[in-house]
Amino acid sequence: MPIRAGLDVGDRRRLGWVIAALALVTGVLGILVMLAPVIADDPVVSWPPAGQQPRSTVLPLSPYRPLQLTATIPCATLHVLDAQPGGGEALRTLPADVGTAPGEGLVVAAEQGVVTVTASGAEVLREAVPSVRCSYQVLADAGGVRVARDGAGIATRTHLLVPEVAELQTDAVGTATGLSVQLHTDARYQSRPTLLKTAVLVAHGLALAALLVLAWRRWPGAGSGLVRPRLSWADAAVVAVSLFWVVAGPVNIDDSWYLLMARNAMQSGYLGNVIYQFNVTENPFVASQYAMQAWGALGGQWSLGWMRLLPLAYGLATYALLRVLVATALGRVAQRPLVAWAVAAAHLLWWLPYGMTLRPEPLIALGTAGVLVFSELARRRRSVGVFAVAVAVAALTVTASPTGLVAAAPLMVCLPWLWQWWQAESARSPVTAALVVGAAASIVIPVAFADATVGDVLESVAVHRWYYRQYAWYEEYLHYADLLVPDERGAWGKRLPVLLTLGVLLAVALGAGRRPGTAGRSGQLLGEAAAITALGLVVMALTPTKWVNHFGAVAAPATVLLATALIRSPLPRRVGAATMAIGSAGLVAAVSVAFAGPNLWRPLSDWGQPFGNHLFIDRPYEQSLLAPSLGPLALRNPLLWLAVAAVGWWWLRRLGPTRAVLVTATGLGVALMLLVFTIAPLRQYPGTSVTLMNLRALTGRPCGLAPAVQVLTGVAPGLGPAVGSAALTGDMRATRLPESTPVPISALPNSTVWHDDVPGGTGTGSLQTPWYPLPGHLAGGWVTVPMRGKLNQEQRLVVQVATGDPAAPGQVRTVPLPAVGDKPNWTEVAVALADAGLAAPTAVRVVAQDRVAGPASWLAVAQPRLTAPRPVTDFIAGRPVFADQVSAALWPCVQQIAVRDGLVQPPALRLRAADGLEDSILDNSTFADNGGTLLQVDRTAKFVEVPSRLVPPGAPMLGWGHIDEVIYLHPVGLVDLHVGALRRAGWTRLPTLIGQRYTGRVYTG
């Protein structure tokens, strides 16, 4: 309830002066928070470790260039390398085959009596190796790259950036005494407030809280307050459905991405984009991740079910606030049971597809609902103090995401009475009120700058703009174009609330000016909700990205709009026939287009979904079958909805055609969402599903996918020695697998490899390997075949299983190897011996045929090996893992790698999502043009897929996921790391990460 002032004129005048002064102080303190100094981490990497000789090691940096690099190269080391045939490299910081020449790294080499130093794509030094005892020093920092000999400068390139670092590699193994490197990695965002900044933050918070209390006291307004709605069975239904949705709701493709940000912040100390853009801070848009970080720390776990309790709380709080708003706005009308059910249905229509996500939109919806309630209270009481609180809530909501600007839209309902108040008051009060409103907006500062400086945020914004495509306001059509694509972005459940909202907006616009002045409270609420929703959609045009998920930001006002339209027709009863026809046709079109969307819920939640064949979603005909239907009745058929409108026109005149379509579509949409996500896990059972994983988490088994995944690993004894020889035709050749070839650790050493990648050849040929004896009778054994190449459907790859003597086999059965697509790196494909249907198999061999000529087709096959299923939990135990940005939420128990101290912890395994999305998600973390954080890992390693499967299997699917072993060029971790600290002013900006020179990316706008 508002605080009754009870102040006389003199008291109000004096309080006004106090409030004005406090507002100014609050604003000044906010500015000081941004500029206050911080204690920043200063990680220093030293190579080799103390007391050890230099050995090549992998050292993936992110950002790729350290702030400072110092290398010392003894001339004695250069002499040793120069004496080798072809010379050698004393130091290299990037592998030679990363596609850069001479390279963005640092190379110090000696050959034919000449030492060369190249750095960041340029030659810095070339001179004869001195015959005397000496040493070279290479220093790179913001001032460029400099080379000195025995401390005396001999070469300088001031325009060069610090070289990139992915490895510290030397050819001088055992002869490199004195060779050393010291790096100050770029961990610019790892900082903590100084005591001064902490004091200013506390002072700002206290001043802001006191200001809002005093403003409410100074301008309490008069009139009625908020109305508490009566509890209804509709409220119970919303709670029950919301709880069910925590378990069964779809996984959003960005859930794991945001979870990884919060999870990594537990180790790095700040919220960064851990997948790309060099893990720069997300400030000022960090509110939702802060909440996730705190929630994950509180629960001590990062399982999807636990983290979903946050959006559950947001959703229920949003619903409660909207119930209060509608009850307050409608008065006695709100006591009708229909009102509660209308709000519940509209809320669920929006919340089911957009609300159960770890993205920021559910928090934005909550903040917007709060602004709606405070704005309505401020208007009813004509209270500037309450309006200041509404402004503070709106500003706080913006810290969740740029789409949080939608929260400012409800403030518009206060503009008419604010203008009247402004004109009626003396000059001093409006100025004081303006200062209060401005100071209230400073609530963003503690969130945005508590662990960041203004210099940090400016650089972060610049990085986001440079490395991520930014869209202009006039490209807002992309939001709606994405909603209509025939894939998971345009799923019917995501289309329906948006298109229904647009249809209702059209109907309200058509009825504007035709509604009698006695339309009542429901008519007023309908008009205001339509205006706020429309403004919110317009404000979304200002956001720099155009993802379908952003529509969830307008859920709060759109829910009020749909709920009010369910209560009363969006068109007046006595409107003209043409207007009624146009409004009804608009809603019919909206519903038909919405239900034409596919029932497609990738990633991870599409397993077992009904409607159509989900294995062929890229085929246009199959896409058309993914749309929902009721038996033979397609819900996208406009004739169906025209019939519903006709029923409302002729038989249910109280309902009306527009409202009939709206009520039917809303109810059907909610029911169908609940139905498909009940059917899907049942069809998938006993195979795992998101629902089953969340249910298991409730019983103390929170490890997501892990209990249901098996990998195939080598067994002992394995296959016996080859019997006979291989039969080769065409370009097929046999060779030995070099020890340096990145195959899984469990693969056979010095394995034979057959391939048809022959220079000048046709690229065709066939292979029939020798028979490999099986070690006695096996139960549950698998034959695993390493392969790579440009694989296509014209190639034939099978495993043959035989009985009898391997030298003269009896019965032979053929088992096709699963298709894996183009594999430039080694992968492993397996078949079960049981698939051959032989009671006592004794030997196996591989048969391959490549019938496509030219470079578009080639293959390589290594000799097979015997494997057996093993729980993935045993396989990954104690090993650092990178679970990708799509599936990490379902791998909560793995040892997820950290990106901290300017370094990426090298993963031993990579866990990837599938569902046919591999091509669109694989390189997010390794793409140089986007500042992928794992780029330097990718440059120094090969990824070899390990055969895996779900146990027990469920409904046919595009693939559950992938497990890759990461095989590095060198050992990892052969360095010392010391993290120091330094004091840095808030306005300081370190050398920028943007510009074409840093990664080669050209600014795209």
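Q: If buried means under 20% relative accessible area, exposed over 50% and partly exposed in between (1.4 Å probe, protein chains only), which residues of α18 are buried?

A: This is a predicted model, in which local features need pLDDT of at least 70 and side-chain atom pairs count only at pLDDT 80 or more, while totals for chains, interfaces and linings use all residues. Residues are numbered from 1 along each chain as its sequence is written, and side-chain values use heavy atoms, with hydrogens and water left out. Helices (H or I, at least four residues) and strands (E, at least two) are DSSP runs numbered from the N terminus. In helix α18 (residues 520–539), the buried residues are Ser 522, Gly 523, Leu 525, Leu 526, Glu 528, Ala 529, Ala 530, Ile 532, Thr 533, Gly 536, Leu 537 and Val 539.

Q: What do the buried residues of α18 pack against?

A: With contact taken as heavy atoms within 4.5 Å, they pack against α8, α10 (361–381), α16 (477–483), α17 (492–511) and α19 (555–567).

Q: How is the length of a helix such as α4 compared with what is expected?

A: The expected span is 1.5 Å times one less than the number of residues. Helix α4 (residues 233–248) has 16 residues and should span 22 Å, which agrees with the 22 Å between its end C-alpha atoms. Helix α18, with 20 residues, reaches 29 Å from its first C-alpha to its last, close to the 28 Å expected.

Q: Which elements cover the buried residues of α4?

A: The buried residues of α4, among them Ala 234, Asp 235, Val 238, Trp 245 and Ala 248, have a cover that includes α7 (304–307), α8, α9, α23 (657–684) and α24 (690–698).

Q: Is Leu 668 buried, partly exposed or exposed, and which residues does Leu 668 touch?

A: Leu 668, found in helix α23, has a relative accessible area of 21% and is therefore partly exposed. Leaving out residues up to four places away in sequence, Leu 668 touches Phe 595, Leu 635 and Trp 641. Pro 250 is 418 residues from Leu 668 in sequence, and their C-alpha atoms are 18 Å apart in space.

Q: Where are the backbone details that deserve a careful look, such as the cis peptide bond before Pro 63?

A: The bond from Ser 62 to Pro 63 is cis, with omega near 0°, and Pro 63 is found in the loop between β2 (57–58) and β3 (68–74). The bond from Arg 602 to Pro 603 is also cis, with omega near 0°, and Pro 603 lies in the loop between α20 (577–595) and α21 (620–625). A positive phi, near 60°, occurs at Asp 915, a residue other than glycine, in the loop between β33 (909–913) and α26 (918–921). Asp 915 has a relative accessible area of 3%, so it is buried.
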